[in-house]
Amino acid sequence: MTGAAIEANGLGMTYGRGSGWALRDCSFRLPAGRICALVGPNGAGKSTLLALAAGLLRPAEGSVRVLGTTPAGARPRIAYVSQDKPLYPQFTVADTLWAGAELNPATWDREAADGIAGTLPQDAKVKALSGGQRTRLALALALGKRPELMLLDEPMADLDPLARHQLMGVLMAEAAEHSTTIVMSSHILTELEGACDYVLLVDGGRVRLGGETDDIVAAHALVTGQVRDLAPHTVVESRTTGRQLTALVRKEGQVDRTAWDVTEPSLEELLLAHLRSPGAPALLTPSAHARDEVAAI
Ligand SMILES: Nc1ncnc2c1ncn2[C@@H]1O[C@H](COP(=O)(O)OP(=O)(O)OP(=O)(O)O)[C@@H](O)[C@H]1O
């Protein structure tokens, strides 16, 4: 079993009295070296989870370990890019990259940073950059640090499609070459397909799906046939048109192909079905179980 990039046990977080749980009873393990999609509806707790892993928030209950230590202890080995991408507005692009090099003298990789920020006007002040350009600069700082773990909160949200495609390619190459673990929250499900080999679906402050993308997809099937009982399979979502039933099921053994047309869902179809069906039971593959939980099974 490879080391864990993130391991959460009973993790809970609230922003203050009366504000409810932003994250609750959240347990999972993310093995190192994965490119993980962190998905879930607005307010699900994705940013909270990333900020807890980055050590910017303290858990109200439970614990989170990062790269085998506390989030604070792991900070030099983590790069975190928050949704609002805080940068010094008075700095120029060149100043910002210089500061990145000064703050990370042991690990700074200028080539990696320039690979992302090289196209930006170097003398332009941060406050004069567009949202997408600021994103590019924040990602250049994160990558230039050569972290072992990148925590990226909706990093591509304000990038144009071409820039998204290019930066996703750079991140994938980085992860492959340096075994960097990347956790990326996103609402653009189509973009995650093919890019991420691990998925965490958070909803209502809890992890509902966690594990290798291929295994999660393979555990499900899209079935179509005459209306009848689908037992022993678990129906995540179903739709009936006349006598025809279409359902996304979590398989319990093989689906009877003499009774049903069976196809494999896309990751997007699967995630959407789970998002529309908050009552569907959670699924974590063996590698996504927190160690305390494994010991408890
Ligand atoms: N600073 C804060 N103060 C009070 N409540 C907060 C704060 N930040 C987040 N919350 C609450 O915590 C919950 C989880 O929010 P969080 O930002 O983690 O969700 P998210 O999944 O990142 O959402 P989105 O997709 O909209 O970015 C929400 O109910 C939100 O209202």
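## Strand pairing, ligand shell and backbone outliers in a predicted model

In β12, Val249 is the bridge partner of Val235. That pair belongs to the antiparallel pairing of β11 and β12, which extends over seven bridges. The two strands form a hairpin with two residues between them, and Gly242 in the turn has a positive phi of about 60°. The model is predicted, and the values below are computed from it.

**The C-terminal strands**

Strand β12 (residues 244–250) also pairs with β10, in the antiparallel sense and over seven bridges. Within that pairing, Gln226 has Gln244 of β12 as its bridge partner. The loop between β10 (220–226) and β11 (234–241) holds Pro232. The peptide bond leading from Ala231 to Pro232 is cis, with omega near 15°.

Ahead of β10 lies Ala219, in the loop between α8 (213–218) and β10. Ala219 and Lys251 are 32 residues apart in sequence, while their C-alpha atoms are 5.8 Å apart in space. Ala219 counts as partly exposed because it has 17 C-beta neighbours inside 10 Å, and the buried class begins at 20.

**The parallel strands around β7**

Which residues of strand β7 lie on each of its two faces? Thr181, Val183 and Ser185 are on one side and Ile182 and Met184 on the other, and all are buried. This agrees with the count for the strand, residues 181–185, in which five of five residues are buried. In a regular strand the side chains alternate between the two faces of the sheet.

Strand β7 has parallel pairings with β3 and with β6. Strand β3 (residues 35–39) is joined to β7 by four bridges, and Cys36 has Val183 in β7 as its bridge partner. Strand β6 (residues 149–153) is paired with β7 over five bridges, with Leu149 standing opposite Thr181. From β6 the chain passes through helix α6 (residues 161–178) to reach β7, and this β-α-β crossover is right-handed.

**The antiparallel sheet**

A separate topic is the open sheet of three strands, ordered β2-β1-β4, with antiparallel pairing. Strands β2 (21–31) and β4 (61–66) stand at the edges with a single partner strand each, so one side of each has no neighbour in the sheet. Direction ignored, neighbouring strands of this sheet are turned by 15° against each other on average. Strand β1 (residues 4–14) is joined to β2 by seven antiparallel bridges, and Met13 stands opposite Leu23 in β2.

The table lists the strand pairings with their bridge counts.

| Strands | Sense | Bridges |
|---|---|---|
| β1 and β2 | antiparallel | seven |
| β3 and β7 | parallel | four |
| β6 and β7 | parallel | five |
| β10 and β12 | antiparallel | seven |
| β11 and β12 | antiparallel | seven |

**The ligand shell and helix α1**

The residues surrounding the ligand are Tyr15, Ser19, Ala22, Gly40, Asn42, Gly43, Ala44, Gly45, Lys46, Ser47 and Thr48. By class, three of the shell residues are nonpolar, seven are polar and one is charged. Which element gives the most residues to this shell? Helix α1 does, with three.

Helix α1 (residues 46–53) is mostly covered, with seven of its eight residues buried. The buried residues are Lys46, Thr48, Leu49, Leu50, Ala51, Leu52 and Ala53. After α1 comes Gly55, which has a positive phi near 80°.

**Positive phi outside glycine**

Most residues other than glycine have a negative phi, and most peptide bonds are trans. Lys85 is not a glycine, yet its phi is positive, near 45°. Lys85 is found in the loop between β5 (78–81) and α3 (93–103). Is Lys85 buried or exposed? Lys85 counts as buried because it has 20 C-beta neighbours inside 10 Å, and 20 or more is the criterion.

Arg146 also has a positive phi, of about 50°. Arg146 lies in the loop between α5 (131–144) and β6. Arg146 is partly exposed, with 18 other C-beta atoms within 10 Å.

**Annotation**

According to UniProt, in an unreviewed entry, the annotation "domain: ABC transporter" covers residues 6–229. Over residues 6–229 the chain is 33% helix and 29% strand, and the end C-alpha atoms are 40 Å apart.

Note on methods
Residues numbered from 1 in each chain as written. Predicted model: local features only at pLDDT ≥ 70, side-chain atom pairs only at ≥ 80, totals over all residues. Buried ≥ 20, exposed ≤ 12 C-beta atoms within 10 Å, placed from the backbone. Pairing = 2+ DSSP bridges. Right-handed = clockwise from strand over helix to strand, strands pointing away. UniProt positions renumbered as here; feature names shortened; annotations may be inferred. Near = placed C-beta within 6 Å. Nonpolar A, V, L, I, M, F, W, Y, C, P; charged D, E, K, R; others polar. Axes fitted to C-alpha atoms, helices over the stretch in contact; angles between N-to-C directions.
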